[in-house]
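This report considers cysteine pairing and charged side-chain contacts. Please view the sequence and structure below before reading on.

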Amino acid sequence: MADAHDRRWGEEEEEEEELDETSYKSIKDAVLFAIDVSPTMLERPPASEDKKADRDSPTSAALKCAYQLMQQRIISNPTDMMGILLFGTEKTDLKDGDSTFQNCYLLSDLDVPSAQDVKRLRDLVEDEEEAEKLLKPNKDGASIATVLFCANQIFTTKAPNFSSRRLFLVTDNDYPVKAKQDKDAAVTRARDLYDLDCTIDLFPISRRDHSFDRTRFYDDLVYPTSPSDPDAPVAIPSTTKVTKSGEGISLLRQLLSSINSKAAARRALFSLPLELGPGLKIGVKGYLLLKRQVHAKSCYVWVGGEKTQIVQQSTSHMADDTARVVEKTELRKAYEFGGDAITFLPDEVTRIRQCFGDPVIRIIGFKPISSVPIWANTNKATFIYPSEADFIGSTRVFSALQQKLIKSQKMGLVWFIARRNASPTLCALLPSEEKTDEDGEQQMPPGLWLIPLPYADDIRLFPEQPDAPLKTTDALTDKMRIIMEQLQLPGGVYDPSKYPNPDLQWFYRILQAMALDEDIPDTPVDKTVPRFKQIDKRCGEYIEDYGRAFEETYVQLSRGSLAVRGKPAAKRRTAEPEDGEKPAAKRVKAEPKAKNEDGNNDGLTDQQMAVSNDKGQISKQTVAVLKAYLSQRGQATAGKKADLIERVQEYLQSKGM
């Protein structure tokens, strides 16, 4: 049993103390697309020779978005459900033969997408004739109340216990009712969905001759996010416009961008009390807004049989000496001290880890924001937002705190325990203001950031610079400014969504090809590779001119720097002796005696030479100083400077310095 105890307590504790940032993703999500099939939604833009012109109708673009989203989620979130509901069609079909919901066609049932579902949707997207047979609009369209009631039945039947159920509604009709009774019925059906904890995400589409007006109908149907809502940090999507031929980005890209922004449910990392003072607590939730995306290994797949199967994992501990399976109750956590393993009972480990108290965010003081430099952000920051679930009135207190910190340019110093068994951390509580783009859309919500402060060991000290580095000149700066002006991105803004991670995309592309029985691609698509031809065409001459000027300036500055440092100038040529004359004998210049820091001629002490050696500056000592140091200690003084330095270092080593 001793071998079974060899897992050190310290190693397990380090693993368990890390914030579990992926646990919130394990919650299942159900997304149902409801796509309007009407004559205006099936209308294609005018033909154009421009490669960037729109060629898809809004309905086709929405189906392609659903297809791409299904491709992504079948790999990244294999347990999530997706479905596609078409409304306003001539056909009425809900898979099980039910014709209760007129003019509603369930193209893909709400379920975990399979390879066959993706293939079927791909064939529909690529085959125009098949799409025309299915996408035939009804004369009177479909009742929006019927669509919402149908979505209610689908969610209740297929995903009754899912914590996240969302309806993606894609339409260009901003007033889909004919009478007040129809509007009241639609609002009632929407409330039924909200009562079941289902959310409605509207993706409005404006036509070229008509702008979508949310206030006419959908403001009463689709509830905006509230501060207490977990999805509150997400901005409401703006209207997606059907652009004219050759104008801007296509409808497909706009729709895909809007849908991707709502595709992943915003779930909190933690829900903790924020303690402003003794007896004063409010509820907050933490969100991880920025995180490096990596390959998601959600499961292992066995491909050795006739059919690909998901591997069922199990873990067991075995003793090394007897190969006996060790039960969980027999395991003990141990800490190695003095060569012995000190074991602890589970209750003892729990008491040790919980000695700092319950999870909390406790403000212990305030300091100016300027006291926290930008380099102090060495770990992932967490965005916190108020929650009314545990403490009523948290939103108002939270807002007052955030506004006061911004007005006073202060930040809070907090004691942060993320969860039970976690070690406490000192963090900076920094306020953030709301940021919007040119269209008024919210890019960053107002709130507070929780930034872990680094320990002294986390701060890396830069090595000492023996010599001042060379600095550029104004002429070189002006030349580089011309180059940078030619390489500006459109609008001068870097949009990371236009440059997907090539490694992740290649990984997912291979998985997709294997799952759909497609040909394995040869080369990945890497949009991060610079466009060398375009760069050369824009500023090739400026870059060459800058390179020549840089070399000339570097040579001049290097010569000036060497002259300042005291490098001997080049030797002057002596006049050659005439025939029969002997060359003049060289006069040997007497080397001055070395002086120590006090100005005496006794030379450097052992301590001073050792300090110089430790800093790597012993090579800066002159030959006279090195010889005087060795001569005073009875060491040989013959040889070059390198030999003298080696002899000094050997002497210091013999002295243990």
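## Cysteines and the absence of disulfides

In this predicted model, the sulfur of Cys104 has its closest cysteine sulfur in Cys150, at 4.9 Å, which is too far for a bond. A disulfide would require the two sulfur atoms to lie within 2.5 Å. The structure accordingly contains zero disulfides.

Cys104 is buried, with a relative accessibility of 0%. Cys65 is likewise assigned as buried, its relative accessibility being 0%.

## Salt bridges: a contact between helix 5 and strand 3

Salt bridges number 14 in the structure. One of them joins the side chains of Lys158 and Asp109, with an N to O distance of 3.2 Å. Lys158 belongs to helix 5 (residues 144-158) and Asp109 to strand 3 (residues 104-111), so this salt bridge ties together parts of the chain that are 49 residues apart in sequence.

How accessible are the two partners? Lys158 is partly exposed, at a relative accessible area of 36%. Asp109 is also partly exposed, and its relative accessible area is 24%. The cut-off for buried is under 20%, so the 24% of Asp109 leaves this residue in the partly exposed class.

## A salt bridge within helix 6

Lys180 and Asp184 form another salt bridge, in which the closest N and O atoms are 3.1 Å apart. Both residues lie in helix 6 (residues 180-195), and because they are four residues apart there, about one helical turn separates them.

The two ends of this pair fall into separate accessibility classes: Lys180 is exposed, at 59% relative accessibility, whereas Asp184 is partly exposed, with a relative accessible area of 37%. Exposed requires over 50%, a condition that Lys180 meets at 59%.

## A salt bridge from helix 6 to a loop

Which residue does Lys183 meet in a salt bridge? The partner is Asp220, and the N to O distance between the two side chains is 3.1 Å. This pair links distant parts of the chain, 37 residues apart: Lys183 is in helix 6, while Asp220 is in the loop between strand 5 (198-206) and strand 6 (240-241).

Asp220 has a relative accessible area of 41% and is therefore partly exposed.

## Summary of the contacts

Helix 6 thus contributes to a salt bridge inside its own span, between Lys180 and Asp184, and to one reaching the loop that holds Asp220. The pair of Lys158 and Asp109 connects helix 5 with strand 3. Disulfides make no contribution, their number being zero.

Note on methods
Residues numbered from 1 in each chain as written. Predicted model: local features only at pLDDT ≥ 70, side-chain atom pairs only at ≥ 80, totals over all residues. Heavy atoms only, no water. Salt bridge = Lys/Arg side-chain N within 4 Å of Asp/Glu carboxyl O. Helix = DSSP H or I, 4+ residues; strand = E, 2+ residues; numbered from the N terminus. Buried < 20%, exposed > 50% of the residue type's maximum accessible area, 1.4 Å probe, protein only.
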